[in-house]
Amino acid sequence: MNTVNPTPEQLKQVLADTPKDQPVVMLNLLRFRDKASYDDEVPELSGREAYQLYMREAAASVSAVGAEVIWSGRSVGSLIAPPDESWDQVLLVRYPSIGAFLAMIESSEYKGVVKHRTAALSDSRLVANLEAQR
């Protein structure tokens, strides 16, 4: 099953299960469309190009909540995964808290640019992670 955006139920569950006072690192696994698919626009962009546009335009929303991209790279293959599962890009974003993540996705600025992410992706995973306690 291909998924691009979280359901309200998934978001509610992760918000409930995640401690409010700890940084959260979001693992993004991304598979791009060959051609971006916009609902109401027809820009001639590949999925990768639309995602790059999303990243540029979302940067202010990410910074505004104190978050930062800590790693991004191209996936070259999976050693342990179903045979048909592959990803084009992996991205790690650290947020100061789950509340900061929620504030970002609920901001009007972010809501104005998320269309590029949706148009860019054929499939994705977004996994919330807590850093190990030392």
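**Close-up views of a predicted model**

**View 1. Helix H3 meets helix H4.** In this predicted model, Met-104, Ile-105 and Glu-106 of H3 are in contact with Ser-108, Tyr-110 and Lys-111 of H4. Sorted by class, the contact of H3 with H4 has three nonpolar, one polar and two charged residues. The axes of H3 and H4 are 5 Å apart, and the two helices pack at an angle of about 70 degrees. H3 and H4 are therefore roughly perpendicular to each other.

**View 2. Helix H1 beside helix H3.** Let us stay with H3 and turn to another of its partners. Helix H1 covers residues 8-17 and helix H3 covers residues 98-106; their axes come within 10 Å and cross at roughly 150 degrees. That angle makes H1 roughly antiparallel to H3. The crossing of H1 past H3 is left-handed. Which residues of H1 meet H3? They are Leu-11, Val-14 and Leu-15, and on the H3 side they meet Ile-98, Phe-101, Leu-102 and Ile-105. By class, this contact of H1 with H3 has seven nonpolar residues, with no polar and no charged ones.

**View 3. Helix H2 alongside helix H4.** Here we come back to H4, which spans residues 108-120, and find its axis coming within 8 Å of the axis of H2. The two axes cross at roughly 160 degrees. H2 and H4 are therefore roughly antiparallel to each other, and H2 passes H4 in a left-handed crossing. On the H2 side, the contact is made by Gly-47, Ala-50, Tyr-51, Leu-53, Tyr-54, Glu-57, Ala-58 and Ser-61. On the H4 side, look for Glu-109, Tyr-110, Val-113, Val-114, His-116, Arg-117 and Ala-120. By class, the contact of H2 with H4 has nine nonpolar, three polar and three charged residues. You may recognise Tyr-110 of H4, which also meets H3 in View 1.

**View 4. The open sheet of four strands.** Now for the strands. In what order do the four strands of the open sheet stand? The order is E2-E3-E1-E4, and the pairing is antiparallel. Strand E2 (68-74) and strand E4 (121-130) stand at the edges with a single partner strand each, so one side of each is left without a neighbour in the sheet. From one strand to the next, the twist averages 15 degrees.

**View 5. Strand E1 paired with strand E3.** This view picks out one pair from the sheet. E1 runs over residues 24-32 and E3 over residues 89-95, and the two pair in the antiparallel sense over seven bridges. To find your place, start from Val-25, which stands opposite Arg-94 in E3.

**View 6. Two rings that link a strand and a helix.** The model has a count of four aromatic pairs. In one of them, the ring centres of Phe-32 and Tyr-51 are 5.6 Å apart and the ring planes are at 55 degrees, so the pair is tilted. Phe-32 lies in strand E1 and Tyr-51 in helix H2 (residues 47-64), so the pair ties together parts that are 19 residues apart in sequence. Tyr-51 is also among the H2 residues that make the contact with H4 in View 3.

How values were computed. Residues numbered from 1 in each chain as written. Predicted model: local features only at pLDDT ≥ 70, side-chain atom pairs only at ≥ 80, totals over all residues. Heavy atoms only, no water. Pairing = 2+ DSSP bridges. Axes fitted to C-alpha atoms, helices over the stretch in contact; angles between N-to-C directions. Parallel < 35°, antiparallel > 145°, perpendicular 65-115°, else oblique. Left-handed = near helix turned anticlockwise from the far one by under 90°. Contact = heavy atoms within 4.5 Å. Nonpolar A, V, L, I, M, F, W, Y, C, P; charged D, E, K, R; others polar. Phe/Tyr/Trp six-rings, centres within 6.5 Å; stacked < 30°, edge-to-face > 60°.
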